Amino acid sequence: MTATYTSTNGDVATLGGLGTDRDFRNTGRLAIDLALTGGEGEEFAPFERIPDAGELGVWFAWSQLAVDATPSDAEHLDALRLRWAIWHAVQAVLTEPEPYEQDRLVIDEIAARPPLVPQLVGAQWVDPTIDQALSTVARDAIELLRDPFLRSRLRTCAAEDCGVPFVDVSRPGRRVWCEDARCGDRNRQRRHRERQKARATG
């Protein structure tokens, strides 16, 4: 599976149509994108995007990693553990100085495994596995949550019906939408309708 990725600016990635029907998120940060595939409990059930190992494989093929591998059930469970730990760690950093210990332990455990191995010519990765891909995601979370600049640019989407986290890497640091082509467009359309309604009513 081949894929192209629009990096770090919050635009929706175009990945050969793969996963476009899954409503995957591309905030420009790999760890956050995994965290936004769902969660535990009734509150997150409507947002579940990787309910089984097969869908996890689709997500990894769609993601910026473009890993074409078949996950095992055990790797799927590890992905759910990592996803939940990243979600809680990011939420903690948005309101507290540090991630919670239990989340840090999960992220550190998976990051300690061998990551994906890149190569200069040919396929992007050398014999990629889902376990290596999970390690790469965990390492991305560590970079995000340790780097002072990235932490200072961690934001919550300003859209009233969204509120997901994202990293603002724009030079002025004034980005307010998790994805401009998603929440940004919706809010511009809403304001346009409001202006039209105001003019119509005098």
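Buried here means under 20% relative accessible area, with exposed over 50% and partly exposed in between, using a 1.4 Å probe and protein chains only. Keep that in mind for the whole tour of this predicted model, where local features need pLDDT of at least 70, side-chain atom pairs count only at pLDDT 80 or more, and totals for chains, interfaces and linings use all residues. Residues are numbered from 1 along each chain as its sequence is written, and side-chain values use heavy atoms, leaving out hydrogens and water.

**The whole chain**

Start with the cartoon view. You should find 7 helices and 2 strands, in the order α-α-α-α-α-α-β-β-α from the N terminus. Helices (H or I, at least four residues) and strands (E, at least two) are DSSP runs, numbered from the N terminus. Of the 202 residues in the protein chain, 45% are buried. Switch on a surface if you like: its accessible area is about 10800 Å², and carbon and sulfur atoms own 52% of that (Shrake-Rupley method, 1.4 Å probe; for residues, only the protein chains shown count as cover).

**Stop 1: helix α2**

Select residues 53-62. This is α2, and 9 of its 10 residues are buried. Among them are Trp59, Phe60 and Trp62. What lies over them? The cover includes α1 (30-35), α3 (73-95) and α5 (130-146). Now go to the start of α2 and show Asp52: one of its side-chain oxygens comes within 3.2 Å of the backbone nitrogen of Gly54.

**Stop 2: α3 against α5**

Next, select α3 and α5 together. Their axes come within 11 Å and cross at roughly 5 degrees, which makes α3 roughly parallel to α5. Axes are lines fitted to C-alpha atoms, for helices over the stretch in contact, and angles run from 0 to 180 degrees between N-to-C directions. Angles under 35 degrees count as roughly parallel, over 145 as roughly antiparallel, 65 to 115 as roughly perpendicular, and the rest as oblique. On the α3 side, the residues making contact (heavy atoms within 4.5 Å) include Asp78, Leu82, Ile86 and Val93, while those of α5 include Asp131, Leu134, Val137 and Ala141.

Zoom in on Ile86, in α3. Its relative accessibility is 1%, so Ile86 counts as buried. Leaving out residues up to four places away in sequence, Ile86 touches Ala31, Leu34, Ala35, Ile107, Val137 and Ala141. Try a C-alpha distance to Asp103, too: the two residues are 17 apart along the chain, and the gap is 7.0 Å.

**Stop 3: α4 against α5**

Keep α5 on screen and add α4, residues 101-111. This pair packs at about 130 degrees, with axes 7 Å apart, so α4 is oblique to α5. Which residues of α4 meet α5? Look for Ile107, Asp108, Ile110 and Ala111, which face Leu134, Ser135, Ala138, Arg139, Ala141 and Ile142.

**Stop 4: Arg113**

Finish in the loop between α4 and α5, where Arg113 is found. Is Arg113 buried or exposed? At 17% relative accessibility, Arg113 counts as buried. Show its side chain with those of Asp78 and Asp131: the polar contact to Asp78 is 3.0 Å, and the one to Asp131 is 2.7 Å. A polar contact is a pair of N or O atoms within 3.5 Å; within protein, one must be able to donate a hydrogen and the other to accept it, and residues adjacent in sequence count only if both atoms are side-chain atoms. Beyond neighbours within four places in sequence, the contacts of Arg113 also include Arg81, Ser135 and Arg139.
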